[in-house]
Each structure stands twice: as structure tokens, then as C-alpha cells.
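Trainee: Before we discuss anything in detail, could you put the sequence and the structure in front of us, so that we can go through them together?

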Amino acid sequence: MKELLRTNDPTVIAFATALLDAEGIAAFQMDVHMSVLEGSLGILPRRLMVRDADLFVARAVLKDNGIEA
């Protein structure tokens, strides 16, 4: 798996995941609960991961929709 996106904004992660789902690209969110464990309330960024084979297309999908990957 490769990192596609890293952000603190949960709305960007949700939007990116929806865009990728629409294209049939499976995405996995990492570090979702790390802020709670660290007690920082959302300061630590979340990562959106995709398969190596899907990385190029996933970056193009996000770029076409105004999300920097």
C-alpha cells in the first residue's frame, strides 16, 4: 500500500474516499484513532492509503477534483 493523502481535515478524507469509491479504487484510512490515543484532539494527520497498482489513477482522480495528493 502507498500513501495517497495526508491531512488533518476529516472532510477531505471523506471526500477523497467517496471519489475513489466511485472509481472502484479501494482506499484505507490509517491513523484514524491516533489523535485520541495521544490526547491531541485531531492534531495528528490521517493517511489515506491505496494499492500500489491504483496509485497513479487515484492521484489523477484527486487532482481532477482539486485535492492535492
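**Salt bridges and the sheet**

Mentor: The side chains of R47 and D31 form a salt bridge, at 2.6 Å from N to O. The pair links distant parts of the chain, for R47 lies in strand β3 (residues 46–50) and D31 in the loop between β2 (27–30) and α2 (34–38), 16 residues apart. Please keep in mind throughout that this is a predicted model.

Trainee: Is D31 buried, partly exposed or exposed?

Mentor: The relative accessibility of D31 is 24%. Buried would require under 20% and exposed over 50%, so D31, at 24%, counts as partly exposed.

Trainee: How many salt bridges does the structure hold?

Mentor: Besides the pair of R47 and D31, E3 forms a salt bridge with R6, whose closest N and O atoms are 2.7 Å apart. The side chains of R51 and D54 also meet in a salt bridge, with 3.3 Å from N to O. With these pairs, the number of salt bridges in the structure is three.

Trainee: In the salt bridge of R51 and D54, which residue counts as buried?

Mentor: R51 has a relative accessible area of 48% and is therefore partly exposed. The other partner has a relative accessibility of 16%, and the limit for buried is under 20%. The residue that counts as buried is therefore D54.

Trainee: Turning to the sheet, which strands stand at its edges?

Mentor: Three strands form an open sheet with antiparallel pairing, and their order is β1-β3-β2. An edge strand here has a single partner strand, so one side of it is left without a neighbour in the sheet, and this applies to β1 (2–7) and β2.

Trainee: How many bridges join β1 to β3?

Mentor: These two strands run antiparallel, and one residue to look at is K2, which stands opposite V50 in β3. The number of bridges joining β1 to β3 is five.

Trainee: Which strands does helix α1 touch, and what angle does its direction make with that of β3?

Mentor: Helix α1 covers residues 10–22 and packs on the sheet, where it touches β1, β2 and β3. The angle between the direction of α1 and that of β3 is about 10 degrees.

Trainee: At what angle does helix α3 run to β1?

Mentor: Helix α3, which comprises residues 55–64, lies across β1 and β3. Its angle to β1 is about 25 degrees.

Methods
Residues are numbered from 1 along each chain as its sequence is written. This is a predicted model: local features need pLDDT of at least 70, side-chain atom pairs count only at pLDDT 80 or more; totals for chains, interfaces and linings use all residues. Side-chain values use heavy atoms; hydrogens and water are left out. A salt bridge is a side-chain nitrogen of Lys or Arg within 4 Å of a carboxyl oxygen of Asp or Glu. Helices (H or I, at least four residues) and strands (E, at least two) are DSSP runs, numbered from the N terminus. Buried means under 20% relative accessible area, exposed over 50%, partly exposed in between (1.4 Å probe, protein chains only). Two strands pair if DSSP finds at least two bridges between them. Contact means heavy atoms within 4.5 Å. Axes are lines fitted to C-alpha atoms, for helices over the stretch in contact, and angles run from 0 to 180 degrees between N-to-C directions.
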